[in-house]
Amino acid sequence: MCEPVIEIESLSYRYPDGTDALRGVDLQAESGAKVGLVGPNGAGKSTLLLCLDGFLAADGRASVRGLSVSKANAKAIRSHVGLVFQNPDDQLFMPRLFDDVAFGPINQQLDPPQVRERVAEALADVGLTGMDDRAPHHLSMGQKRNAAIATVLAMKPDLLLLDEPSANLDPRSRRHLIDLLTGMSITMLIASHDLDMIVQLCDRVALLDAGRIVADGATADILSDESLMDRHGLEVPAVLASRT
């Protein structure tokens, strides 16, 4: 049996205004798994990702590679977890792409040759070799998304968290993103409304609604269940609907 990378038990989070964003979430993911996190707007998907990366302090238990997600472990957790925000402009803030990708390894206190090696490898992984000196704001949206992924890959994380990774991409960039993620063996938790992409990428899906996981299982079984999807404000993705 593969070693669990993510272990979550009874995770709850309440926003300062009293809104319950997560209500007793239980979730596990094994090494190398690609798990789709789906649900309607406001279900708690982004909040769950932020809790796993230590940005939000939740009640309950969450761990990555056996390391508890807590304020005391925040720095260590972010060496294990790479979070890719929905808007890549929130992640790219340096004047050169090299500097953005190098930011994490530098904070891991790697020496300059190791930093350069990590940057070159991460940019090659996402198809941006040779763009080290480009200004991130001059990149296309697809290139920015890949650059944001490179900033976390450079830190060699055990877990990749992606929040709406295909948002605002044109069809070709979306296809390139799917191909990129398909070829990676890293454990992933992918929050997305792009259910056709989830079908292509993920063997397993967790359906989140009103802060609770209401279904967790094989992607095709859950996303093709018309009654279940309708109850939670979703529709069967076209790629599955066409098979019925």
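Select P16 to begin: this residue lies in the loop between β1 (4–14) and β2 (20–30). Helices (H or I, at least four residues) and strands (E, at least two) are DSSP runs, numbered from the N terminus. P16 counts as exposed because its relative accessibility is 81%; buried means under 20% relative accessible area, exposed over 50%, and partly exposed in between (1.4 Å probe, protein chains only). Add R175 to the selection: P16 and R175 are 159 residues apart in sequence and 39 Å apart in space, C-alpha to C-alpha.

The model is predicted, with local features needing pLDDT of at least 70 and side-chain atom pairs counting only at pLDDT 80 or more, while totals for chains, interfaces and linings use all residues. Residues are numbered from 1 along each chain as its sequence is written, and side-chain values use heavy atoms, with hydrogens and water left out.

**Helix α1 and the residue after it**

Next, select residues 45–52, which form helix α1. This helix is mostly covered, with 6 of its 8 residues buried. The buried residues to highlight in α1 are K45, T47, L48, L49, C51 and L52. Just after α1, G54 takes a positive phi of about 85 degrees.

**Positive phi in residues other than glycine**

Most residues other than glycine have a negative phi, and most peptide bonds are trans. Against that background, select R65, which is not a glycine yet has a positive phi of about 55 degrees. R65 is placed in the loop between β4 (59–64) and β5 (67–68), and at 28% relative accessibility R65 counts as partly exposed.

Then move to K156, in the loop between α5 and β7 (159–163). The phi of K156 is also positive, near 55 degrees, in a residue other than glycine. K156 is partly exposed, with a relative accessible area of 41%.

**Helices α3 and α4**

Two packed helices are described by the angle between their axes and the distance between the axes. Select helix α3 (residues 97–107) together with helix α4 (residues 112–125): they pack at an angle of about 120 degrees, with their axes 9 Å apart. Axes are lines fitted to C-alpha atoms, for helices over the stretch in contact, and angles run from 0 to 180 degrees between N-to-C directions. The angle makes α3 oblique to α4; angles under 35 degrees count as roughly parallel, over 145 as roughly antiparallel, 65 to 115 as roughly perpendicular and the rest as oblique.

The crossing of α3 and α4 is right-handed. A crossing is left-handed if the near helix is turned anticlockwise from the far one by less than a right angle, and right-handed if clockwise.

To display the contact (heavy atoms within 4.5 Å), show L97, F98, V101, A102, P105 and I106 of α3 with V115, R116, R118, V119, A122 and L123 of α4. By class, this contact of α3 with α4 has 10 nonpolar, no polar and 2 charged residues. Here Ala, Val, Leu, Ile, Met, Phe, Trp, Tyr, Cys and Pro count as nonpolar, Asp, Glu, Lys and Arg as charged, and the others, Gly among them, as polar.

Within α3, the residues L97, F98, D100, V101, A102, G104 and P105 are buried. What covers the buried residues of α3 includes α4 and α5. α3 is followed by Q109, whose phi is positive, near 65 degrees.

**Helices α5 and α6**

Now select α5 and helix α6 (residues 171–182), whose axes come within 9 Å and cross at roughly 20 degrees. The two helices are therefore roughly parallel to each other, and the crossing of α5 and α6 is right-handed. Their contact is made by G142, R145, N146 and I149 of α5 and S173, L177, L180 and L181 of α6. The residues of the contact of α5 with α6 divide into 4 nonpolar, 3 polar and 1 charged.

Centre the view on L181, in helix α6. L181 is buried, with a relative accessible area of 0%. Leaving aside neighbours within four places in sequence, L181 is in contact with K34, I149, L162, M188 and L201. L181 and I149 are 32 residues apart in sequence and 9.8 Å apart in space, C-alpha to C-alpha.

**The nonpolar cores**

Finish at I149, which with M184 and L223 touches the most other members of the 48-residue largest nonpolar core. Such a core is a set of buried Ala, Val, Leu, Ile, Met, Phe, Trp, Tyr and Cys residues joined through side-chain atoms within 4.5 Å. The largest share of this core, 6 residues, comes from helix α5 (residues 141–153). Apart from this core lies another, of 30 residues, among them V25, L37, L49 and V64.
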